[in-house]
Amino acid sequence: MERMNYKDIKKVDPEVWKWIKEETKRERETINLIASENFAPFSVLSAQGSVLTNKYAEGYSFARYYGGCQFIDQIEKLAIERTKALFNCEHANVQPHSGSQANMAVYYSSLKLGDAILFMDLRAGGHLTHGSSVNFSGKFFKPYFYGVDKKTETIDFNVVEDLAKKHKPKLIVCGYTAYPRKVDFKTFSEIASRTGAYLMADIAHIAGLVAAGLHPSPHPFTDFTTTTTHKTLRGPRGGIVMCKDEFAKQIDSTVFPGIQGGPLMHVIAAKAIALHLASTNEFKEYQKKVLANAKILANSLKKLGYRLVSGGTDTHLVLVDLKPQGITGKEAVEILKRANICVNKNTIPFDPLSARLTSGIRLGTPSVTTQGMGGKEIELIVSFIHRALTNRNDDKKLKLIREEVKTLCKKFPPY
Ligand SMILES: *Cc1c(COP(=O)(O)O)cnc(C)c1O
């Protein structure tokens with residue numbers, strides 16, 4: 001915390017300061033297995049706290065609606081060049097404020113309201129912006145859904161193709177929130193071209209793995225690719241849209257002025273830094289460890305009798321089916337919280353329970369790997385999880401685990 005420039009907050013606003021301090025402490029004393037989170041490096045945090053937040057820069061580099069953008073222009077240009085180099089894409093827009101807005105930009109630029117889109121079902125691993133009825137994607141477009149095969153719990157491409165032939169979607173979306181297996185972009189692109197649909201990959205979760213060359217790249221197979229920058233990519237909260245050159249104009253004009261106003265230049269600078277870091281060898285080594293840790297996580301859980309959706313993982317996350325243990329996802333989150341272990345509840349394919357309760361939890365390794373934890377620590381974490389879940393009604397035991405968790409965390413301070 002000493003390395004963060006919080007002194008001014010403390011002086012000006014002790015109330016907000018108090019909660020930032022508490023949150024910093026929580027992050028330091030908790031094992032964070034939320035697969036969509038990470039610890040952003042100081043350079044990224046600092047860029048977000050920089051004077052760039054002061055600048056209005058509506059428009060794009062060298063074509064702005066405000067004066068004084070000459071330095072801002074260079075930053076956005078860098079972020080775009082780095083995105084193109086890292087992901088090997090033709091065009092990039094780095095302005096989306098979030099992953100959701102990146103997805104919105106694609107749907108609004110390539111479709112008319114009410115057009116059909118083929119998504120993966122939310123309950124099988126898709127995202128809210130993949131056609132949920134409570135989200136713009138489900139309200140303003142006509143969503144159809146593919147799921148996973150009941151037996152393998154992986155995507156059945158025959159089903160995807162049949163649905164695409166039947167419903168004639170204008171866009172097919174692949175790339176997910178809670179799918180532990182690799183996404184086969186090439187096969188999706190073949191189905192899209194046979195059925196006359198555009199293809200979009202949403203690599204929000206796996207962007208860091210893709211950048212490191214440890215997950216197949218969506219390029220050159222997709223028309224559009226969206227991502228967040230704060231998950232495995234380890235940058236600031238935000239989104240990016242990539243696309244083929246032929247869609248560049250329509251994507252840019254949809255992001256601004258279509259759905260956003262001024263870009264968050266402090267965040268775009270932080271994105272540029274994260275993209276630079278993601279191009280280094282250290283980052284590749286980090287992602288290798290993320291994958292190795294996820295494999296150890298999966299195997300250790302299986303050894304203790306836990307059932308994993310699809311039987312394991314090729315990515316940074318595992319999905320645990322807690323039905324055999326007789327615990328709901330919601331209960332597991334509460335129990336583990338008392339042991340200072342942070343996870344999220346998640347529906348599993350064909351889940352009999354609602355999204356509020358769920359039969360599963362999702363566990364990911366990006367955060368603990370950033371802290372420097374390895375196989376030994378992952379095995380220890382799995383033993384903590386198992387002890388907590390099996391002693392869920394024993395306050396004393398849960399408290400003991402919490403103390404052990406804190407001791408482990410002390411050895412691997414994220415900040
Ligand atoms: C996280 C996520 C998003 C949305 O990101 P936000 O920045 O929270 O809007 C979109 N798609 C997928 C697949 C995600 O996992």
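This is a walk through one predicted model, from its domains to its sheets, its unusual backbone spots and its open spaces.

Let's start with the overall division. The chain splits into domain 1, covering residues 46-277, and domain 2, covering residues 288-411. Taken over C-alpha atoms, the centres of domain 1 and domain 2 are 29 Å apart. The two domains also touch: 21 residues of domain 1 are in contact with 26 residues of domain 2. Keep that contact in mind, since two of the spaces described further on involve both domains.

Next, find the seven-stranded sheet. This open sheet runs in the order E4-E10-E9-E8-E7-E5-E6, and its pairing is mixed. Strands E4 and E6 (142-146) are at the edges with a single partner strand each, so one side of each has no neighbour in the sheet. From one strand to the next, the twist averages 20°. As a reminder, strands of a sheet pair through backbone hydrogen bonds, in either a parallel or an antiparallel way. For a parallel example, look at strand E5 (residues 116-120) and strand E7 (residues 171-174), which are joined by two bridges. A handy landmark in that pair is isoleucine 117, which stands opposite leucine 171 in E7. Helix H10 packs on this sheet and touches E4, E9 and strand E10 (239-243), and the direction of H10 makes about 0° with that of E4.

Now move to the four-stranded sheet. Its strands follow the order E11-E12-E15-E14, the sheet is open, and the pairing is antiparallel. Strand E11 (307-308) and E14 are the edge strands here; each has a single partner, so one side of each is left without a neighbour in the sheet. In this sheet, strand E12 (residues 317-321) and strand E15 (residues 360-364) pair in the antiparallel sense over five bridges. To line up the two strands by eye, start at leucine 317, which stands opposite glycine 364 in E15. A helix belongs in this picture too: H12 (residues 281-303) lies across E11, E12 and E15 and runs at about 15° to E12.

A few backbone details are worth a stop. Most residues other than glycine have a negative phi, and most peptide bonds are trans. Against that background, the peptide bond from histidine 219 to proline 220 is cis, with omega near 15°. You will find proline 220 in the loop between helix H9 (207-211) and strand E9 (224-228). Another cis peptide bond leads from phenylalanine 256 to proline 257, with omega near 5°. Proline 257 is in helix H10 (residues 248-259), the helix that packs on the seven-stranded sheet. Asparagine 88 has a positive phi, near 60°, and is placed in the loop between helix H4 (70-87) and strand E4 (91-93).

That leaves the spaces. The largest pocket holds about 510 Å³ of space. Its lining has 24 residues, and those nearest the centre are Glu27, Asn38, Ala40, Leu45 and Tyr415. Helix H2 (14-29) and helix H3 (42-48) are the elements that give two or more residues to this lining, and H2 gives the most, with five residues. By residue type, the lining of the largest pocket has 10 nonpolar, eight polar and six charged members.

The second largest pocket offers about 340 Å³. Where does this second largest pocket lie? Domain 1 and domain 2 both give residues to its lining, so the pocket lies between them. Of its 15 lining residues, Leu122, Gly126, Asn346, Thr347 and Ala355 are nearest the centre. Strand E14 (residues 344-346), an edge strand of the four-stranded sheet, gives the largest share of the lining, three residues. The lining of the second largest pocket comprises four nonpolar, eight polar and three charged residues.

Finally, look at the cavities. The structure holds four cavities of 30 Å³ or more, and the largest cavity has about 80 Å³ of space. Tyr176, Tyr179, Val183, His205 and Ile206 are nearest the centre of this largest cavity, among 13 lining residues. Six of the lining residues are nonpolar, five are polar and two are charged. Both domains give residues to this lining, so the largest cavity lies between domain 1 and domain 2.

How values were computed. Residues are numbered from 1 along each chain as its sequence is written. This is a predicted model: local features need pLDDT of at least 70, side-chain atom pairs count only at pLDDT 80 or more; totals for chains, interfaces and linings use all residues. Side-chain values use heavy atoms; hydrogens and water are left out. On a 1 Å grid over the protein atoms alone, a cavity is a set of points where a 1.4 Å probe fits but cannot get out, and a pocket is an open set with protein on both sides within 12 Å along at least five of seven lines; lining residues have an atom within 4 Å of a point. Grid points are joined across faces, edges and corners, and a volume is the space filled by probe spheres set on the points. Ala, Val, Leu, Ile, Met, Phe, Trp, Tyr, Cys and Pro count as nonpolar, Asp, Glu, Lys and Arg as charged, and the others, Gly among them, as polar. Domain bounds come from an automatic or database domain assignment. Two strands pair if DSSP finds at least two bridges between them. Contact means heavy atoms within 4.5 Å. Axes are lines fitted to C-alpha atoms, for helices over the stretch in contact, and angles run from 0 to 180 degrees between N-to-C directions.
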